[in-house]
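Welcome, and thanks for taking a look at this structure. Here is a short guide to some of its features, grouped by topic.

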Amino acid sequence: RSRLDVSRSRGFSKFVGRAAEMATLDAALERALAGHGQVVGLVADAGTGKSRLCFEFAERCRARGIGVRTATGVAHGKAVPLLPVLEFYRGVFGITERDSDAKARQQIAGNVVAADESLVPSLPLLYDFLGVPDPEKPLTIPPGPERQRRLLALLQRLTIARGERQPAVILFEDLHWIDDATAVFVQNLIDATDTSRTLMLVNFRPEFRADWTRRSYYQQIPLASLGEPALAEMLADL
């Protein structure tokens, strides 16, 4: 479990001192809803409150009926390639740990058909990527750069198609812990965001670097420690 999960199980302290940052996120969301996809990065040292701010914003979005899809980097992530990416796409397709391979394929197919029926021929590629290959329709593309290229193109088209049908928020936390393979998929998601009604919210520590932070539709929010008035309000509540 993450530190936020532990805090939630104990009971959150009062959410204070982030009105300006929340207003910035709300403005970015409105631009995304208007058809101008946005990427926002929250940057701060450990323990500053990145995850709590993201959680509160995600709850506001859900209250408005906006779908929120999440993934989280973990401390051992660099040793386990694609761990948060697989978590993210299993969430997108509604796959749980209890689902059989057949049920998982059914979930994937249903979501793809609903988003864009023209993507149906690429289902074997998705099945294989998510670890539920169809024995009756095996993937014929050998492992290598061409399979990777087709997979990234497919996932990008799927993100765009879903964004055209309904707005969405993608929350990807702790990018400073992701492996190189996951970084490629994160950039692919960011490339797709520009042309969809999607807000992609990411957070990371200051040492993280990525080329996509120079995109025109990227905005960075440095998150400072809470000031004295906010700390006093939190302590009074506690």
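**A first look**

Just after H4, Gly-94 takes a positive phi of about 70°. This is a predicted model, in which local features need pLDDT of at least 70 and side-chain atom pairs count only at pLDDT 80 or more, while totals for chains, interfaces and linings use all residues. Residues are numbered from 1 along each chain as its sequence is written, and side-chain values use heavy atoms, with hydrogens and water left out. Helices (H or I, at least four residues) and strands (E, at least two) are DSSP runs, numbered from the N terminus.

**Helix H4 and its pocket**

- In H4, the buried residues (under 20% relative accessible area with a 1.4 Å probe, protein chains only) include Pro-84, Leu-86 and Tyr-89.
- Among the elements covering the buried residues of H4 are strand S2 (67-72), H5 and H8, where contact means heavy atoms within 4.5 Å.
- The second largest pocket has a volume of about 340 Å³.
- Its lining has 16 residues, and Leu-86, Glu-87, Arg-90, Ile-95 and Glu-97 lie nearest the centre of the second largest pocket.
- H4 gives the largest share of that lining, five residues.
- A pocket here is an open set of points on a 1 Å grid over the protein atoms alone, with protein on both sides within 12 Å along at least five of seven lines, and lining residues have an atom within 4 Å of a point.
- Grid points are joined across faces, edges and corners, and a volume is the space filled by probe spheres set on the points.

**The nonpolar cores**

- The largest nonpolar core (buried Ala, Val, Leu, Ile, Met, Phe, Trp, Tyr and Cys residues joined through side-chain atoms within 4.5 Å) has 46 residues, and Phe-93, Ile-108 and Trp-212 are among those with the most contacts inside it.
- H7 supplies the largest share of this core, six residues.
- Another core, of 21 residues, lies apart from it and includes Ala-44 and Phe-57.

**Two residues to find**

- Arg-105 sits in helix H5 (residues 101-115).
- Arg-105 is buried without a salt bridge, and Asp-134, the nearest side chain of opposite charge, is 4.3 Å away.
- A salt bridge needs a side-chain nitrogen of Lys or Arg within 4 Å of a carboxyl oxygen of Asp or Glu; Lys and Arg count as positive and Asp and Glu as negative, while His and the chain ends are not counted.
- Val-43 belongs to strand S1 and counts as buried because its relative accessibility is 11%.

Definitions and conventions: Buried means under 20% relative accessible area, exposed over 50%, partly exposed in between (1.4 Å probe, protein chains only). On a 1 Å grid over the protein atoms alone, a cavity is a set of points where a 1.4 Å probe fits but cannot get out, and a pocket is an open set with protein on both sides within 12 Å along at least five of seven lines; lining residues have an atom within 4 Å of a point.
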